[in-house]
Amino acid sequence: MLDFSGQRILVAGGSSGIGLATAELAAELGADVTIASRSRERVEAACRSCAHGLRGAVLDLADDAAVARFFELDEPWHHIVVTGSQVSMAAVRDLPLSSALDAVDSKFWGFYHVARHARIHSGGSLGVVAGFLSTRPAAGRALMGAINAALESLVRGLALELKPVRVNAVSPAVVDTSMWDSMEPSVREAMFERLRASYPAGCVGQPLDIARQLLLLAATPYATGTIVTLDGGASCLLYTSPSPRDQRGS
């Protein structure tokens, strides 16, 4: 059993999905957990929902100056996990350029800003959720694959630059989170059913699956520069992506 007693953990993007699952599990394992997100309402709701107690902070990771101020005003952290992003997905020629730039700002530059400014104890860790599209390109997901690939490369470089702080990533395939809520329920369930039938694991990912791996990397002193592909075996297949309609996602 992992034990984070006496350790301070920040989960950026911790108000929902993978981030909230990570925050709740870390708190259950004894950590003093703070979640950060752009929405005060969502942060407060998430804090109220957790039986083990969470602290909350409002923070826009795309705002470098705000990220710098946030870390200047607080004590060093033992572990930081970045899970949240606001990303629209569509084919390159269909996605407005402003939306593409916002996606890069949110998912890539947001993590970059944290890496620049975060104060982390020696031997502590910085983790991020990337995605298996980094190595499994799909039509309608080219931008997302590029962002994830950039994140994975950044993680490896940061492992060298930030040592003895450790830097790692988890790259999942489809995870059942609210990112898919804009789809028609019947269409969403049909997509999940098709993926459950095709993935060797026989299921799509759940937020807790990714949370466990993120915290295992955080707790493992030997883990740095590590990219864990946690995709239900989807990388073993000739993958057919979900519909490339404009969706939010990781």
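A crossing of two helices is called right-handed if the near helix is turned clockwise from the far one by less than a right angle, and left-handed if it is turned anticlockwise. With that term in hand, we can walk through this structure, which is a predicted model, beginning with its helices and then turning to a peptide bond and to the empty spaces.

The definition can be put to use at once, since α3 passes α4 in a right-handed crossing. The axes of helix α3, which covers residues 64–72, and of α4 come within 9 Å and cross at roughly 35 degrees. On the α3 side the contact is made by Asp64, Val67, Ala68 and Phe71, and on the α4 side by His113, Val114, Arg116 and His117. Sorted by class, the residues where α3 meets α4 are 4 nonpolar, 2 polar and 2 charged.

Helix α4 also packs against a second partner, helix α5 (residues 142–161), at an angle of about 10 degrees and with the two axes 10 Å apart. Angles under 35 degrees count as roughly parallel, and α4 and α5 are therefore described as roughly parallel to each other. In this contact α4 contributes Ala100, Ala103, Val104, Lys107, Phe108, Phe111, Tyr112 and Ala115, while α5 contributes Leu143, Met144, Ile147, Asn148, Ala150, Leu151, Leu154, Val155 and Leu158. When these residues are divided by class, 15 are nonpolar, 1 is polar and 1 is charged.

If we follow the chain onward from α5, we reach the loop between α5 and β7 (166–172), where Pro164 is found. The peptide bond that leads from Lys163 to Pro164 is cis, with omega near 10 degrees. This is worth a pause, for most peptide bonds are trans.

A further pair of helices is formed by α1 (residues 17–28) and α7, whose axes come within 8 Å and cross at roughly 55 degrees. That angle makes α1 oblique to α7, and the crossing of these two helices is right-handed. The residues in contact are Gly17, Ile18, Ala21, Thr22, Leu25 and Ala26 of α1, together with Pro207, Leu208, Ile210, Ala211, Arg212, Leu214 and Leu215 of α7. By class, the contact of α1 with α7 is built from 10 nonpolar, 2 polar and 1 charged residues.

We can now look at the spaces between the atoms. Rolling a probe the size of a water molecule over the atoms shows where empty space is left. In this model there are 3 cavities of 30 Å³ or more, and the second largest of them has a volume of about 60 Å³. Its lining consists of Ile80, Val81, Ser125, Leu126, Gly127, Val128, Asn168, Leu214, Leu217 and Ala218. At least two residues of this lining come from each of β4 (77–82), β6 (120–129) and α7 (207–219), and β6 gives the most, with 4 residues. The lining of this second largest cavity has 7 nonpolar and 3 polar residues, and no charged ones. Leu214, which belongs to this lining, is also one of the α7 residues in contact with α1.

Finally, we come to the largest pocket, in which about 760 Å³ of space lies. It is lined by 35 residues, and those nearest its centre are Arg42, Gly84, Ser85, Gln86 and Val87. The elements that supply two or more residues to this lining are α1, β2 (32–37) and α4 (97–117), with α4 giving the most, at 5 residues. By class, the lining of the largest pocket divides into 9 nonpolar, 19 polar and 7 charged residues. Helix α4 thus appears in the lining of the largest pocket, in the contact with α3 and in the contact with α5.

Definitions and conventions: Residues numbered from 1 in each chain as written. Predicted model: local features only at pLDDT ≥ 70, side-chain atom pairs only at ≥ 80, totals over all residues. Heavy atoms only, no water. 1 Å grid on protein atoms, 1.4 Å probe; cavity = no way out; pocket = protein on both sides within 12 Å on 5 of 7 lines; lining within 4 Å. Points joined across faces, edges and corners; volume = space filled by probe spheres on them. Nonpolar A, V, L, I, M, F, W, Y, C, P; charged D, E, K, R; others polar. Axes fitted to C-alpha atoms, helices over the stretch in contact; angles between N-to-C directions. Parallel < 35°, antiparallel > 145°, perpendicular 65-115°, else oblique. Contact = heavy atoms within 4.5 Å.
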